[in-house]
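Reader: I should like a close examination of a single part of this model. Please choose one helix and set out what surrounds it.

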Amino acid sequence: AVASPKFQDSRWVNGTWDLSRFGNTGGAVDWDAVIDAEARRRKWLEDSPEASSSEDAVVFDTSIIPWWAWIKRFHLPEAEKLNGRAAMVGFFMAYFVDSLTGVGLVDQMGNFFCKTLLFVAVAGVLLVRKNEDIDNLKKLIDESTFYDKQWQSTWQDDSPSGPKK
């Protein structure tokens, strides 16, 4: 039996990209290079499918790449997913506002409230890319309210109110 060729790249280590090998001159990760390498790997797998095994598990998750890097690379699937979600949320919001107020889509474009809802929808799609992002936002809100409660408690008087006897 002839062994099928395996994907080979010195930066591909243990089923993921070794991000330390994608540094630019400033020492930061060159996300464009990571995206290019992953696109080449996926193209190679399309052209030369290989059998998967638990020994050579692929653990690379494209969600580790920052959202702004995907936005710059609009032609890739992650950006298409974000754009599709934003379009669906935007359409739903336009339909929702139309059904509540009777203001049509064209009239909504000149309305400040509708522009604000559009901004919230797009920001929400960018912030919540997967379910774990919602949990992270909840933790952030809990932490900020915890610190606010601590701050407020430092200003409260510890002595009971009322006249002293």
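Author: The account below concerns helix 1 and its surroundings in this predicted model.

The setting is a chain with six helices and two strands, whose elements run β-β-α-α-α-α-α-α from the N terminus. Helix 1 covers residues 31-47. Its 17 residues should span 24 Å at 1.5 Å a residue, and its end C-alpha atoms are 24 Å apart, so the expected and modelled lengths agree.

Which residues of helix 1 are buried? They are Trp 31, Ala 33, Val 34, Ile 35, Ala 37, Glu 38 and Arg 41. The list includes Glu 38 and Arg 41 beside residues such as Val 34 and Ile 35. Across the chain, buried residues make up 21% of the 165 residues. The cover over the buried residues of helix 1 includes strand 1 (12-13), strand 2 (16-17) and helix 2.

Helix 1 also takes part in the largest nonpolar core, which has 13 residues; Trp 17, Phe 22, Val 34, Phe 60 and Ile 65 touch the most other members. The elements that give two or more residues to this core are helix 1 and helix 2 (67-72). Helix 1 supplies the largest share, five residues.

Trp 17 shows how the helix meets residues elsewhere in the chain. Leaving aside neighbours within four places in sequence, Trp 17 is in contact with Ala 37, Glu 38 and Arg 41, among others; these three are also among the buried residues of helix 1. Further contacts of Trp 17 include Phe 7, Asp 9, Arg 11 and Trp 12, as well as Phe 22 and Phe 60. Phe 22 and Phe 60 are, like Trp 17, among the core members that touch the most others.

Asp 32, which also lies in helix 1, is not buried. Asp 32 has a relative accessible area of 24%, and because buried means under 20% and exposed over 50%, this residue counts as partly exposed. Not counting residues up to four places away in sequence, Asp 32 touches Lys 72 and Arg 73. Asp 32 and Lys 72 are 40 residues apart along the chain, with their C-alpha atoms separated by 8.9 Å. Lys 72 falls within helix 2, residues 67-72.

The contacts of the whole chain provide the wider context. Of those with a separation of 6 or more, 59% are accounted for by residues 24 or more positions apart.

Definitions and conventions:
Residues are numbered from 1 along each chain as its sequence is written. This is a predicted model: local features need pLDDT of at least 70, side-chain atom pairs count only at pLDDT 80 or more; totals for chains, interfaces and linings use all residues. Side-chain values use heavy atoms; hydrogens and water are left out. A nonpolar core is a set of buried Ala, Val, Leu, Ile, Met, Phe, Trp, Tyr and Cys residues joined through side-chain atoms within 4.5 Å. Buried means under 20% relative accessible area, exposed over 50%, partly exposed in between (1.4 Å probe, protein chains only). Helices (H or I, at least four residues) and strands (E, at least two) are DSSP runs, numbered from the N terminus. Contact means heavy atoms within 4.5 Å. The expected span of a helix is 1.5 Å times one less than its number of residues.
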